[in-house]
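Reader: I am a first-year student and should be grateful for a close look at one part of this model. Please take the packing of two helices, and then set it beside some details of the loops and of another helix.

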Amino acid sequence: MADSAGSVMLARSAMNRAATEGQRPAGRPVRGARSISAALAGLAASTRYELLTFDDPVASAGCAIPGPFLELAGACMRAAAERADEVRRIVPKHALPRLEGGPGIPGRARLVDAIPFKMILVDRTVAAVPLDLELLYNGLLLIRDPVVVQALVRAHHIWWAAAEELPYRAPSAPPPGHLPPQLRPVLDALLSGLTDEAAAARLGMSTRTYSRRVGELMAALGTTSRFRAGAEAARRGWT
């Protein structure tokens, strides 16, 4: 993991440069709940094709962080994941119960003993790292320096390759006649007759993600035909 350690050192160096007067920083420090919330919302809205994270969903436990901030941060993460074609989250093993019991985030996740720091990296162009490496609420550094960003991408790839896949657990079947709530807007878009491109734009996700959601909807309906999916949804009272 020598390459990964080097990337961590580069990220720390970027933070030091940002805090040093008279030098052009590799990133912009953001402090204050309102400014941090706006930065996270901006990252979510700008996501197009890839989201890479080092994440610890339980890191904030026991910290005096307002509930609305935690809810907004979680909503931003889910929104960014919905928009991206590729999502890779690296999380510590102690967070596995939260992954299994909390609100689902689209994409893939792998486990490590401990993450080096928290990080959100969007489309290989901008990264957000906590100033204390632990909690975004305490301030974050928005890094756009291409050298630092690529080092962080490389570090994530190295950690991802060494991480463990999540243990498989068969998903529990939804109650008969129940439409999974995340598929409701997809069904509405499908029934409206919109093209995939128009429907994806309306729902704020990529065309690839929308097509994947349509596949999930048809699987829930037990059909491979979009026309039959509409008829079956009507038969079940989902429309």
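Author: The answer below begins with the whole chain, turns to the helix pair, and then follows selected residues.

The model is predicted, so local features need pLDDT of at least 70, side-chain atom pairs count only at pLDDT 80 or more, and totals for chains, interfaces and linings use all residues. Residues are numbered from 1 along each chain as its sequence is written, and side-chain values use heavy atoms, with hydrogens and water left out.

The protein has nine helices and eight strands; helices (H or I, at least four residues) and strands (E, at least two) are DSSP runs, numbered from the N terminus. Of its 239 residues, 43% are buried. Buried means under 20% relative accessible area, exposed over 50%, and partly exposed in between, with a 1.4 Å probe and protein chains only. Contact means heavy atoms within 4.5 Å. Among contacts between residues at least 6 apart in sequence, 68% join residues at least 24 apart.

Two packed helices are described by the angle between their axes and the distance between the axes. The axes of α2 (residues 33-46) and α3 come within 8 Å and cross at roughly 15 degrees. Axes here are lines fitted to C-alpha atoms, for helices over the stretch in contact, and angles run from 0 to 180 degrees between N-to-C directions. The helices α2 and α3 are therefore roughly parallel to each other, a description used for angles under 35 degrees, while over 145 counts as roughly antiparallel, 65 to 115 as roughly perpendicular and the rest as oblique. The crossing of α2 past α3 is left-handed, which is to say that the near helix is turned anticlockwise from the far one by less than a right angle, clockwise being right-handed. On the α2 side, the residues that meet α3 include Ile36, Leu40 and Ala44; among their counterparts in α3 are Phe69, Leu72 and Cys76.

Aspartate 55 occupies the loop between β2 (50-54) and α3 (67-83). With a relative accessible area of 10%, aspartate 55 is buried. Its side chain and that of arginine 89 are joined by a polar contact of 3.1 Å. A polar contact is a pair of N or O atoms within 3.5 Å; within protein, one must be able to donate a hydrogen and the other to accept it, and residues adjacent in sequence count only if both atoms are side-chain atoms. Beyond its neighbours within four places in sequence, aspartate 55 also touches other residues, including Met77 of α3.

Serine 206, in the loop between α7 (196-203) and α8 (207-221), is likewise buried, at 13% relative accessible area. A polar contact of 2.9 Å links the side chains of serine 206 and threonine 209. Leaving aside neighbours within four places in sequence, serine 206 is in contact with Glu82, Arg83, Asp85 and Ala200.

Most residues other than glycine have a negative phi, and most peptide bonds are trans. Aspartate 123, in the loop between β5 (119-122) and β6 (126-130), has a positive phi of about 50 degrees, and counts as buried at 7% relative accessibility. Leucine 133, in the loop between β6 and β7 (140-143), has a positive phi near 70 degrees.

Finally, aspartate 145 caps the N-terminal end of α5, with a side-chain oxygen 2.9 Å from the backbone nitrogen of valine 147. The buried residues of α5 include Val148, Leu152, Trp159 and Trp160.
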